[in-house]
Amino acid sequence: RVLFRSIRLLHACETGSRVWGFASADSDYDVRVLYVHPTEWYFSLYEREDAWQQMLDERMIDISAWELRKALRLLHRSNAAMLERAQSPIIYHEQAGFAADFWELAQHCYSRIAVMHHYLSMARGTMHDIQAAGAEGYKLKKLFYLLRCACITRWILRFESVPSIDFHRVLPAAELPQALLERVHELLALKANADESYLHKGDGELLDYAAQMLTQAQDGFKALPAAKVEIERLQAFFNRYAMPDAPL
């Protein structure tokens, strides 16, 4: 395809359960890419396609790629997906220095209230899915999606730094009772050896504790400060990596 011959890859990393810390035996690979076009692409009168997606290896590799300007516009709004990509420890490709520069910029753009809203919304949706599953049981990954979101909301209330992408690092913020913490580790071991089709039942105490954390987050998030982002920093970053001859 002409697209692949013309774009310049800046960064490709893993996201999803493999970097969150609770992959299953048959989890797919969620590869996220940032790229730029040749300079003339940015001077078009009309907006052009700024993202693409491709599935490979019988859908085991999910590649999603975003053009840098699109990514920076999202980062300006403290987009949680961008914040996760910026700190992924599994990097498949990067232009020299890009990962460190992007992570520094991401921290500057971090808004606690915006990210709290994102994870609260995700948690509510996941909780609804679990409750709607009924007697047949729910996918175990749903429980970990919920717990991860709930732990991140607790992190945001307690700390000023960007929440870690690693579930094991945000888990202590939940301050789980010892019995529940031990149960989480048992379920992590179970998930590591089960396939994605496994249906889980029970663990009402964990679900209740997650619901309590979400209630606390809902009560406290409106008092959180927003970020004060200098748009000039994003523009300079774009110039550096998309238009290296432009003034910084």
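Contact here means heavy atoms within 4.5 Å. In this predicted model, helix α11 (residues 231-242) lies across three strands, β1 (8-15), β2 (29-36) and β4. The helix runs at about 115° to β1. Strand β1 is mostly covered, with six of its eight residues buried.

These strands belong to an open sheet of five strands. The order is β3-β4-β2-β1-β5, and the pairing is mixed. Strands β3 (51-56) and β5 form the edges, as each pairs on one side only. Neighbouring strands are turned by 20° against each other on average, direction ignored. Strands of a sheet pair through backbone hydrogen bonds, either parallel or antiparallel.

Several pairs were examined one by one. Strands β1 and β2 run antiparallel and are joined by seven bridges. Within this pair, A12 has V33 of β2 as its bridge partner. Strand β1 also pairs with β5 in the antiparallel sense, over three bridges. Here A12 stands opposite H93. At the other edge, β3 pairs with β4 (residues 61-67), again antiparallel, over six bridges. In this pair, L56 stands opposite I61 of β4.

Strand β5 (residues 91-94) contains Y92. Together with Y29 and I90, Y92 makes a nonpolar surface patch of about 270 Å². Y92 counts as partly exposed because its relative accessibility is 44%.

Charged side chains were considered next. Side chains of opposite charge can pair when their charged atoms come close. The structure holds eleven salt bridges. One of them joins E175 and R158, at 3.7 Å from N to O. E175 lies in the loop between α8 (167-170) and α9 (178-193), while R158 lies in helix α7 (residues 140-158), so this pair ties together parts that are 17 residues apart in sequence. Both partners are partly exposed: E175 has a relative accessibility of 48%, and R158 has 43%.

R183 takes part in two of the contacts described here. Its side chain meets that of E186 in a salt bridge of 3.0 Å, N to O. These two residues are three apart in helix α9, so about one helical turn separates them. R183 also forms a salt bridge with D203, with the closest N and O atoms 2.8 Å apart. D203 lies in the loop between β7 (199-200) and α10 (204-220), so its bridge to R183 in helix α9 ties together parts that are 20 residues apart in sequence. D203 counts as buried, at 16% relative accessibility. R183 is partly exposed at 28%, and E186 is partly exposed at 46%.

Methods:
Residues numbered from 1 in each chain as written. Predicted model: local features only at pLDDT ≥ 70, side-chain atom pairs only at ≥ 80, totals over all residues. Heavy atoms only, no water. Patch = residues over 30% accessible without salt bridge, like charges linked within 9 Å, V, L, I, M, F, W, Y side chains within 5 Å. Areas by Shrake-Rupley, 256 points an atom, 1.4 Å probe, with all protein chains shown as cover. Salt bridge = Lys/Arg side-chain N within 4 Å of Asp/Glu carboxyl O. Helix = DSSP H or I, 4+ residues; strand = E, 2+ residues; numbered from the N terminus. Buried < 20%, exposed > 50% of the residue type's maximum accessible area, 1.4 Å probe, protein only. Pairing = 2+ DSSP bridges. Axes fitted to C-alpha atoms, helices over the stretch in contact; angles between N-to-C directions.
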